[in-house]
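Here's a small set of exercises to work through with the model open beside you. Try each task before reading its solution.

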Amino acid sequence: MSVRRAAGARAAHPSVLRIASVYPELLGTYGDGGNAAILATRAGWRGQPAEVVSVQAGDPLPRDCDVYLLGGGEDEPQALAAAGISNGQALGAAVDGGAVLFAVCAGLQIIGTSFPGTDGKVHAGAGLVDLVTTPGATRAVGDLVVDPRSELGLDVLYGYENHRGRTSLGVGLDPLGTVRRGIGNGAGQRLVGGTRGLTGGDVEGIWAARGAGLVVGTYLHGPALAQNPQLADRLLDEAAPGLAPMDSSDARAVAADRAAAALRAARAGQTSRG
Ligand code: GLN
């Protein structure tokens, strides 16, 4: 599985980067809508005009966005969101055409083949990637700290998790990383150090090419891209190859990165204290 998208992905950055926030009223419980704001703002700081397209439940999903964001939610809204997404093939077609999909928690569960509902029923997912979610014995609640696969070249990722589901990745589907602290996918799948550039440990999330696009999923709330701006910039690089680096003379960008660094340093201190 390649780290980057397959050849044929968008060659140059678009005039306006379109970021779809999918069903924010259903998948916005944990503040993951902030990911859209982070991406649009950081794109602007990198000289790339961007707009957030808020897709309300019941509206057709646009096929022409560059980034699609799915957030977390409670079981009932999650089931409604999944039904809306799998009714059309728009999301799969957009990713196949080169878009980047970033899916958090309920969003991660929805893009797989099935997930559990409160009613004990198994709900069909959108089937975009080969993963399945089953109910856990307990709720996973608390800090989640993730070591990204080393081949991704990303720093440690910080956030929090709150989910009952446990997610198993299909054969050949690579995780985002491994769990340093918390539960993450929590399905007992482990990766051994050295294999495919992995750090070892329990797996978390996914990072998978699909067609000319990229699917990244995680249990990290936070919102994840606010606490991990390097990941935000990486998703922008994937969605708009050739993007300029951050303008270091932009005081807002410098202040934002300083704030994120301070937060990350505090989290690192907490983590080392156990
Ligand atoms: N409803 C799902 C679960 O509990 C996802 C929760 C979430 O998105 N935080 O597993």
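## Exercises: the ligand and the spaces

The ligand sits in the largest pocket. Here, sitting in a pocket means that more than half of the molecule's atoms lie within 2 Å of the pocket's grid points. This is a predicted model, where local features need pLDDT of at least 70 and side-chain atom pairs count only at pLDDT 80 or more, while totals for chains, interfaces and linings use all residues. Residues are numbered from 1 along each chain as its sequence is written, and side-chain values use heavy atoms, with hydrogens and water left out.

**Exercise 1.** Work out which residues surround the ligand and which are closest.

*Step 1.* Pick the residues with a heavy atom within 4 Å of the ligand. You end up with 15 residues, and the closest are Asp75, Gln78, Cys105, Asn162 and Gly165.

*Step 2.* Sort the shell by type: three are nonpolar, eight polar and four charged. (Ala, Val, Leu, Ile, Met, Phe, Trp, Tyr, Cys and Pro count as nonpolar, Asp, Glu, Lys and Arg as charged, and the others, Gly among them, as polar.)

*Step 3.* Now see where the shell comes from. Helix H2 (75-87), helix H4 (106-110) and strand S8 (157-169) each give at least two residues, and S8 has the largest share with four. (Helices, H or I with at least four residues, and strands, E with at least two, are DSSP runs numbered from the N terminus.)

**Exercise 2.** Find polar contacts to oxygen atoms of the ligand.

*Step 1.* Look for pairs of N or O atoms within 3.5 Å. A backbone N or O atom of Ala106 is 3.0 Å from a ligand oxygen.

*Step 2.* Check side chains too: a polar atom of Gln109 lies 3.0 Å from an oxygen of the ligand, and one of Arg139 lies 3.3 Å from a ligand oxygen.

*Step 3.* Finish with the cover: the protein hides 99% of the 300 Å² of accessible area that the ligand has on its own. (Areas come from the Shrake-Rupley method with a 1.4 Å probe.)

**Exercise 3.** Describe the largest pocket and the largest cavity.

*Step 1.* Get the terms straight. On a 1 Å grid over the protein atoms alone, a cavity is a set of points where a 1.4 Å probe fits but cannot get out; a pocket is an open set with protein on both sides within 12 Å along at least five of seven lines, and lining residues have an atom within 4 Å of a point.

*Step 2.* The largest pocket has a volume of about 250 Å³. Of its 17 lining residues, Asp75, Pro116, Arg139, Arg164 and Gly165 are the closest to its centre. S8 gives the most to this lining, four residues.

*Step 3.* Turn to the largest cavity, with about 30 Å³ of space. Its lining includes Leu154, Asp155, Asn228 and Arg264. Helix H6 (residues 229-239) supplies the largest share, three residues.

**Exercise 4.** Where is the cis peptide bond, and which loop holds its proline?

*Step 1.* Go to the bond from Gly222 to Pro223, which is cis with omega near -10 degrees.

*Step 2.* Place Pro223: this residue is in the loop between strand S13 (213-218) and helix H5 (224-227).

Methods:
Polar contact = N/O pair within 3.5 Å; in protein donor to acceptor, adjacent residues only side chain to side chain. Points joined across faces, edges and corners; volume = space filled by probe spheres on them.
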